[in-house]
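Trainee: I should like to take a close look at a single helix and at how its surroundings are built. Would you please guide me through that part and then outward from there?

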Amino acid sequence: MSGKNVTEVRLADAEGIAAAARILESGGLVAVPTETVYGLAARADSAEAVARIYAAKGRPDFNPLIVHVAGLAQAERYAEFSPEARALAAAHWPGPLTMVLPRRPDAGLAAAVTAGLPTVALRAPAHPVMQALLEACGFPLAAPSANRSGFISPTCADHVLASLDGRIDMVLDGGATSAGVESTIVAVRADGSVEELRPGPLAVGRLGGGAGIEAPGQLASHYAPGKPVRLNAEWAEPDEFLIGFGAVGGDTTLSANGNLAEAASRLYAALHEAARAPQPRIAVAPVPEEGVGRAINDRLRRAAAPPDA
Ligand code: TXA
Ligand code: MG
């Protein structure tokens, strides 16, 4: 099923969702909309299906996947929930929060999903299409962002096709995503402390100090447009495509009036546009390090990091 070289794009109506569920059920790969970015989904309880995700993305096998569930009741089959974790789920699910929790011994997830770790990353997405799909499937869905490993994340169906066309079975087209950057990831420790592993749309804050572990997939170079990227640029050099913000105009802008939520929702579309532009270099205007601006700057620093860093 995967490995054929035609990727079907289907509208995310009831029939499209049912067709996606059938492909997933039989072990195939479907790119699906969430409120953050498009995910590349496969059933998380099948070793063969999960192996196809790593192959299609070219993803290193030490980098574990997020398991998507309909809600807390399903999540409790796969991880141990402390009272603190349960409170976070009650407050923020469904939504752009991923929790790294102790994996249950009887979770029944494919070993590759957690890359051998004793923990599992769980998220209940708020997007109505993803909710309907999880409902139709009944099994949990492993889903990293739907892009070749290291490339720019996708916020619409065309972005998925830009790097995965022919490598996956279907794209379920639910339009542009709203939040625009990947979920906030936190680890909830046995003692109840919460540590942010990846900044995202949800302002969990800098609980726990930040000097500790990182999500293993947080490689220095990521979200890379394939050209040099210069950050904190107030103007463009002649050979640069400038991504503006606020008072700094450009060839395109994240947000002309300096709105950070709009900037997050436009970030990856701007990087995709810059990657396709004729200019050999990219410059990006400064973005304030506050609220979701922290997540934007985190992604921009990785987009600007040299590939061998
Ligand atoms: O918004 C999102 O989170 C999107 C949508 C599709 O849900 N998904 C996403 O997946 O961003 P991905 O694979 O691009 O990023 C998942 C991150 C990686 O950095 C991975 O290392 C980390 O989560 N991760 C997964 N399981 C983990 C675990 N058990 N412990 C620590 N980090 C983990
Ligand atoms: Mg990713």
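Mentor: In α6 of this predicted model, the buried residues are Ala157, His159, Val160, Ser163 and Leu164. They span an arc of only 160° around the axis, which puts them on the same side of α6. Asp158 and Ala162, on the other side of α6, are exposed. The helix therefore has a buried side, limited to that arc of 160°, and another side where Asp158 and Ala162 are exposed.

Consider next what the buried side meets. The buried residues of α6 pack against the strands β2 (30–32), β3 and β8 (170–173), and also against α2 and α7 (260–276). After α6 comes Gly166, which has a positive phi, near 85°.

One of these partners, α2, deserves its own description. Its buried residues are Ala49, Val50, Ile53, Tyr54, Ala56 and Lys57. These pack against α6, β3 and β7 (141–142). After α2 comes Gly58, again with a positive phi, here near 65°.

From these helices we may move to the nonpolar core. In soluble globular proteins, nonpolar side chains tend to be buried together. The largest nonpolar core in this model has 44 residues, and the members that touch the most others are Phe81, Trp93, Met99, Leu122 and Ile168. Two or more residues come from each of the helices α2 (47–57), α4 (83–92) and α6 (157–164), and likewise from each of the strands β3 (39–43), β5 (97–102), β6 (119–123) and β9 (184–188). The element that gives the most is α2, with five residues. To see how one member is surrounded, take Leu122: leaving aside residues up to four places away in sequence, it touches Ile66, Val67, Val69, Ala75, Tyr78, Ala79, Phe81, Trp93, Leu97, Thr98, Met99 and Leu101. A second core, separate from this one, has 31 residues, among them Leu267, Val284, Val292 and Ala295.

The strand β3, which the buried residues of α6 pack against, also leads to charged pairs. The side chain of Arg43 forms a salt bridge with that of Glu25, at 3.7 Å from N to O. Arg43 belongs to strand β3 and Glu25 to helix α1 (residues 14–25), so this pair ties together parts that are 18 residues apart in sequence. With a relative accessibility of 16%, Arg43 counts as buried, whereas Glu25, at 51%, counts as exposed. Arg43 also meets Asp45 in a salt bridge, at 2.7 Å from N to O. Asp45 is partly exposed, its relative accessible area being 34%. In total, the model has 13 salt bridges.

Let us now widen the view to the whole chain. It is divided into domain 1 (8–207) and domain 2 (229–304), and the centres of the two, taken over C-alpha atoms, are separated by 26 Å. Domain 1 contributes 20 residues to the contact and domain 2 contributes 14 residues. Between them the domains bury about 1,300 Å², of which 59% is on carbon and sulfur atoms. On the side of domain 1, Ile152, Val181 and Pro199 lose the most area to domain 2, and together they account for 38% of what that side buries.

Charged residues also take part in this contact, for two salt bridges are counted between domain 1 and domain 2. Consider Glu182 and Arg299, whose side chains meet in a salt bridge at 3.0 Å from N to O. At 5% relative accessibility, Glu182 counts as buried, and Arg299, at 0%, counts as buried as well. Glu182 and Arg299 belong, with Asp298 and Arg302, to a network of salt bridges.

To review the path from the helix outward: the buried residues of α6 lie on the same side because they cover an arc of only 160°, and they pack against elements that include α2 and β3. Both α6 and α2 are among the elements that give two or more residues to the largest nonpolar core. In β3, Arg43 pairs with Glu25 of α1, and between the domains the count is two salt bridges.

Technical notes:
Residues numbered from 1 in each chain as written. Chains lettered and ligands numbered in written order. Predicted model: local features only at pLDDT ≥ 70, side-chain atom pairs only at ≥ 80, totals over all residues. Heavy atoms only, no water. Core = buried A, V, L, I, M, F, W, Y, C linked by side-chain atoms within 4.5 Å. Buried < 20%, exposed > 50% of the residue type's maximum accessible area, 1.4 Å probe, protein only. Helix = DSSP H or I, 4+ residues; strand = E, 2+ residues; numbered from the N terminus. Contact = heavy atoms within 4.5 Å. Arc of directions from axis to C-beta. Domains from an automatic or database assignment. Buried area = accessible area lost by both parts, 1.4 Å probe. Salt bridge = Lys/Arg side-chain N within 4 Å of Asp/Glu carboxyl O.
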